[in-house]
Amino acid sequence: MQEFLFALTLSALPVVSNFMGAMIAEALPSSKQTLGFALHAAAGVLLAIASTELIPRVAIAKPVWAAILALFLGGAFFVWINQLLNLSKNRLRGVDHNSVSWVIFLSIAIDLFGDGLMIGTSLTIAPHLGVVLASGRVVAHIPEGFVTNAEFKSQNMPRTQRFWLLAAFLIPVWLGATLGYWGLRGQTDLPKLIVLAFTTGTLMVAIVEEIIPEAHQTQDTNLSTLTFIGSFALSMLFSSYLE
């Protein structure tokens with residue numbers, strides 16, 4: 001039970017960082033340069049986690065084709081979900097700002113459910129892997145929380161409602177962590193690696209199609225590029241000392 005409570009604690013960290021990013025947006029006026037630094041840092045950390053922690057573990061699965069197929073399906077799933085969300089946004093745009101806000105809330109909730117699933121599953125493989133993944137998602141969700149709350153503010157959503165929505169993000173992330181931990185605890189390595197490969201596919205597509213393009217739409221500078229590679233290097237260093 002203590003290990004499960006540890007899984008819940010780790011999986012809650014992305015929600016906490018999401019709230020931190022939202023509080024930054026609450027206190028400060030929006031800055032493209034600050035947002036650009038945050039997005040470049042998030043991309044660097046997540047790319048380091050995917051390339052040095054997740055993909056090497058997926059590659060040792062037996063049979064390896066099952067894990068690779070799961071990785072592809074994870075990326076395809078993200079594309080499908082993103083397409084549905086974009087379609088919903090296009091239909092709702094200009095009709096009801098509150099409805100658009102709920103679409104944004106749903107997209108973040110799906111992302112956090114995947115985070116919880118990945119963290120819960122990783123803890124059944126190696127404790128340090130769960131710590132690394134949770135730490136990486138903490139960095140990634142700060143700019144996400146910043147952008148989300150800034151969007152809610154632009155739609156004149158009341159502050160109390162915004163705070164309740166941020167707190168409600170605990171539900172999907174804890175649900176994912178519970179399914180990942182109890183559903184795969186005691187199982188052989190193959191189903192664990194398949195789930196890990198699936199979430200890796202969603203993460204890789206999110207980095208390439210969402211985070212990096214959004215980072216380049218801000219005030220992109222040489223310093224922001226250095227932020228990207230610096231966060232990548234620091235993430236690798238952090239991971240190596242946890243092993």
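**Exercise 1.** Determine in which helix threonine 121 is placed, whether threonine 121 is buried or exposed, and which residues threonine 121 touches.

*Solution.* Step 1: threonine 121 has its place in helix α4, residues 97-125. Helices (H or I, at least four residues) and strands (E, at least two) are DSSP runs, numbered from the N terminus. The model is predicted, so local features need pLDDT of at least 70 and side-chain atom pairs count only at pLDDT 80 or more, whereas totals for chains, interfaces and linings use all residues. Residues are numbered from 1 along each chain as its sequence is written, and side-chain values use heavy atoms, with hydrogens and water left out.

Step 2: threonine 121 counts as buried because its relative accessibility is 0%. Buried means under 20% relative accessible area, exposed over 50%, and partly exposed in between (1.4 Å probe, protein chains only).

Step 3: with residues up to four places away in sequence not counted, threonine 121 touches Gly180, Tyr181, Leu184, Lys192 and Val195. Contact means heavy atoms within 4.5 Å.

**Exercise 2.** Identify the buried residues of helix α6 and explain why they line one face of the helix.

*Solution.* Step 1: in α6 (residues 159-168), the buried residues are Arg162, Leu165 and Leu166. Step 2: viewed down the axis of α6, these buried residues fall within an arc of 100°, and therefore they line one face of the helix. The arc is that of the directions from the helix axis to the C-beta atoms. Step 3: Thr160 and Trp164, on the other side of α6, are exposed.

**Exercise 3.** Describe the largest nonpolar core and state which helices each supply at least two of its residues.

*Solution.* Step 1: a nonpolar core is a set of buried Ala, Val, Leu, Ile, Met, Phe, Trp, Tyr and Cys residues joined through side-chain atoms within 4.5 Å. Step 2: the largest such core has 31 residues, of which Ile49, Leu54, Ile119, Leu133, Leu196 and Leu203 touch the most other members. Step 3: at least two residues of this core are supplied by each of α1 (2-27), α2 (32-59), α3 (64-92), α4, α5 (127-154) and α8 (189-216). The largest share, eight residues, comes from α2. Step 4: another core, of seven residues, lies apart from this one, and includes Val15, Ala22, Leu112 and Phe169.

**Exercise 4.** For two residues of helix α8, alanine 215 and threonine 199, establish burial and contacts.

*Solution.* Step 1: alanine 215 counts as buried because its relative accessibility is 3%. Leaving out residues up to four places away in sequence, alanine 215 touches Leu39 and His40. Alanine 215 and leucine 39 lie 176 residues apart in sequence, while their C-alpha atoms are 5.3 Å apart in space.

Step 2: threonine 199 also counts as buried, because its relative accessibility is 5%. Beyond its neighbours within four places in sequence, threonine 199 is in contact with Gly114, Leu117 and Met118. From the C-alpha atom of threonine 199 to that of phenylalanine 77, 122 residues away along the chain, the separation is 9.6 Å.

**Exercise 5.** Summarise the protein as a whole: how many helices and strands are there, and what percentage of residues count as buried?

*Solution.* Step 1: the protein has nine helices and zero strands. Step 2: of its 243 residues, 45% count as buried. Step 3: among contacts with a separation of 6 or more, 88% are between residues 24 or more positions apart.
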